[in-house]
Amino acid sequence: MPRPFRFGVNMMSPAPADEWREKCRRAEQLGYDVILVPDHLGMPSPFPALVAAAEATERPRLGTFVLNAGFWNPTLLAREVATTDALTGGRLELGLGTGYIQAEHDTAGLPFGSARERVDHLVRTVEELERLLGSAGLPGSRVPLLIGGNGDRMLRLTAEHADIAAFAAVRLVPGSTTGTLDPLTAEELDERVAAYQRLAADRKEPAELNVLVQIVAVTDDREAAARELLPRLPRLTVEQILGLPILLVGTVEQITAQVRAQRERYGFSYVTVLEPYMEAFGEVIKALRVE
């Protein structure tokens with residue numbers, strides 16, 4: 001039997017307290033299982049935002065999607081994780097990544113480093129968190145760990161440590177300092193998921209697999225919606241755009257079929273969408289709940 005669906009929404013826009021709590025309550029009403037906060041300058045600070053989300057809701061879990069490990073000292077991060085998990089009633093899920101936007105590091109006065117150095121720091125962070133969160137000074141149940149990344153070392157780290165393997169299905173455009181991303185085609189993602197599965201073959205318990213969807217477009221004309229994206233994706237055809245795992249486009253029924261097909265093809269049972277598409281994808285959640 002396939003793993004049941006879970007749905008998350010990544011809350012990207014800062015808001016005053018009342019507005020923040022209201023949109024978190026709305027996410028709960030729409031059926032989202034997880035309310036998430038990213039870790040970018042100009043967006044909400046993850047841990048206080050999640051505590052406020054917990055106060056406004058009852059059912060959803062709360063997660064970081066994902067923390068930029070380069071922003072964090074592992075010891076201080078362990079304190080934030082333990083406190084936030086306690087204040088959210090054990091509802092926290094911790095998402096970690098290497099960070100990919102050099103301009104944010106430059107603004108913060110923090111070193112960016114090479115890709116190897118960023119992964120090295122993430123490895124140390126994961127190992128330190130596992131050690132510190134199990135210490136007497138930081139009590140509480142184990143916080144589920146999500147790791148997001150596509151490279152071979154990231155997939156190995158994910159296979160060894162993560163409860164949730166998150167696939168962004170994009171790659172950083174070489175030389176970009178502002179985080180410009182290029183999508184993986186369906187076939188490229190096939191290869192990355194297969195690589196992860198090989199590395200995770202000896203796990204006692206399989207991880208939950210997540211995909212981050214970048215665009216949700218409810219429309220009666222899928223091809224027209226894809227053609228509008230051609231200037232942004234000049235290397236792809238309309239057919240290839242419609243096959244992108246990060247793009248859900250069509251009627252609610254067509255998108256529902258896409259989500260089911262991606263679970264069958266890749267194993268993605270945990271689907272995350274960005275805040276601007278929260279309402280649109282809510283209709284898809286409603287349809288999928290009846291399966």
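**Exercise 1. Place Arg116 and classify its exposure.**

Step 1. Arg116 has a relative accessible area of 56%, so Arg116 is exposed. The cut-off for exposed is over 50%. The model used here and below is a predicted one.

Step 2. Now find the element. Arg116 sits in helix 5.

Step 3. Compare sequence and space. Arg116 and Asp190 are 74 residues apart in sequence. Their C-alpha atoms are 24 Å apart in space.

**Exercise 2. Describe the surroundings of Arg6. Is Arg6 buried or exposed?**

Step 1. The relative accessible area of Arg6 is 17%. Buried means under 20%, so Arg6 is buried.

Step 2. Arg6 belongs to strand 1.

Step 3. Look for a side-chain partner. The side chain of Arg6 makes a polar contact with the side chain of Glu93, at 2.8 Å.

Step 4. Look for a ring. Arg6 lies over the face of Tyr270, 4.5 Å from the ring centre.

Step 5. Find another arginine over a ring. Arg118 lies over the face of Phe112, at 4.0 Å from the ring centre.

**Exercise 3. Work through two aromatic pairs. How many aromatic pairs are there?**

Step 1. The count is 6 aromatic pairs.

Step 2. Take Phe7 and Phe281. Their ring centres are 5.7 Å apart and their planes stand at 65 degrees. Planes over 60 degrees apart count as edge-to-face, so this pair of Phe7 and Phe281 is edge-to-face.

Step 3. Locate the two partners. Phe7 is in strand 1 (residues 6-10), and Phe281 is in helix 11 (residues 278-288). The pair links distant parts of the chain, 274 residues apart.

Step 4. Check burial. Both Phe7 and Phe281 are buried.

Step 5. Take Phe167 and Tyr196. The centres of their rings are 6.0 Å apart, with planes at 85 degrees, so this pair too is edge-to-face.

Step 6. Locate these partners. Phe167 lies in strand 7, while Tyr196 lies in helix 7 (residues 186-199). The pair therefore ties together parts 29 residues apart in sequence.

Step 7. Check burial again. Phe167 has a relative accessible area of 1% and is buried. Tyr196, at 2%, also counts as buried.

Step 8. Widen the view. Phe167, Tyr196, Tyr266 and Phe268 form one aromatic cluster.

**Exercise 4. Examine two backbone features. Which peptide bond is cis?**

Step 1. Start with the general rule. Most residues other than glycine have a negative phi, and most peptide bonds are trans.

Step 2. The bond from Phe65 to Val66 is cis, with omega near -15 degrees.

Step 3. Place Val66. This residue is in the loop between strand 3 (61-64) and strand 4 (67-68).

Step 4. Turn to Ala169. Its phi is positive, near 60 degrees, in a residue other than glycine.

Step 5. Place Ala169. The residue is in the loop between strand 7 (164-167) and strand 8 (170-172). Its relative accessibility is 0%, so Ala169 counts as buried.

**Exercise 5. Describe the largest pocket. Which residues lie nearest its centre?**

Step 1. The volume of the largest pocket is about 1,500 Å³.

Step 2. Its lining holds 50 residues. Tyr100, Ala168, Val170, Arg171 and Leu181 lie nearest the centre of the pocket.

Step 3. List the elements that give two or more residues to the lining. They are helix 5 (115-132), helix 6 (152-161), strand 7, strand 8, strand 9 (181-183) and strand 10 (208-213). Helix 5 gives the largest share, 4 residues.

Step 4. Sort the lining by type. It divides into 27 nonpolar, 14 polar and 9 charged residues.

**Exercise 6. Contrast two loop residues, Pro60 and Ser45.**

Step 1. Pro60 is in the loop between helix 2 (46-56) and strand 3. Ser45 is in the loop between strand 2 (34-37) and helix 2.

Step 2. Pro60 counts as buried, because its relative accessibility is 0%. Ser45 has a relative accessible area of 46%, so Ser45 is partly exposed.

Step 3. Check a C-alpha distance for each. Pro60 and Val34 are 26 residues apart along the chain, and their C-alpha atoms are separated by 4.9 Å. Ser45 and Thr64 are 19 residues apart in sequence and 10.0 Å apart in space, C-alpha to C-alpha.

Note on methods:
Residues numbered from 1 in each chain as written. Predicted model: local features only at pLDDT ≥ 70, side-chain atom pairs only at ≥ 80, totals over all residues. Heavy atoms only, no water. Buried < 20%, exposed > 50% of the residue type's maximum accessible area, 1.4 Å probe, protein only. Phe/Tyr/Trp six-rings, centres within 6.5 Å; stacked < 30°, edge-to-face > 60°. Lys NZ or Arg CZ within 6 Å of the ring centre and 35° of its normal. 1 Å grid on protein atoms, 1.4 Å probe; cavity = no way out; pocket = protein on both sides within 12 Å on 5 of 7 lines; lining within 4 Å. Points joined across faces, edges and corners; volume = space filled by probe spheres on them. Nonpolar A, V, L, I, M, F, W, Y, C, P; charged D, E, K, R; others polar. Polar contact = N/O pair within 3.5 Å; in protein donor to acceptor, adjacent residues only side chain to side chain.
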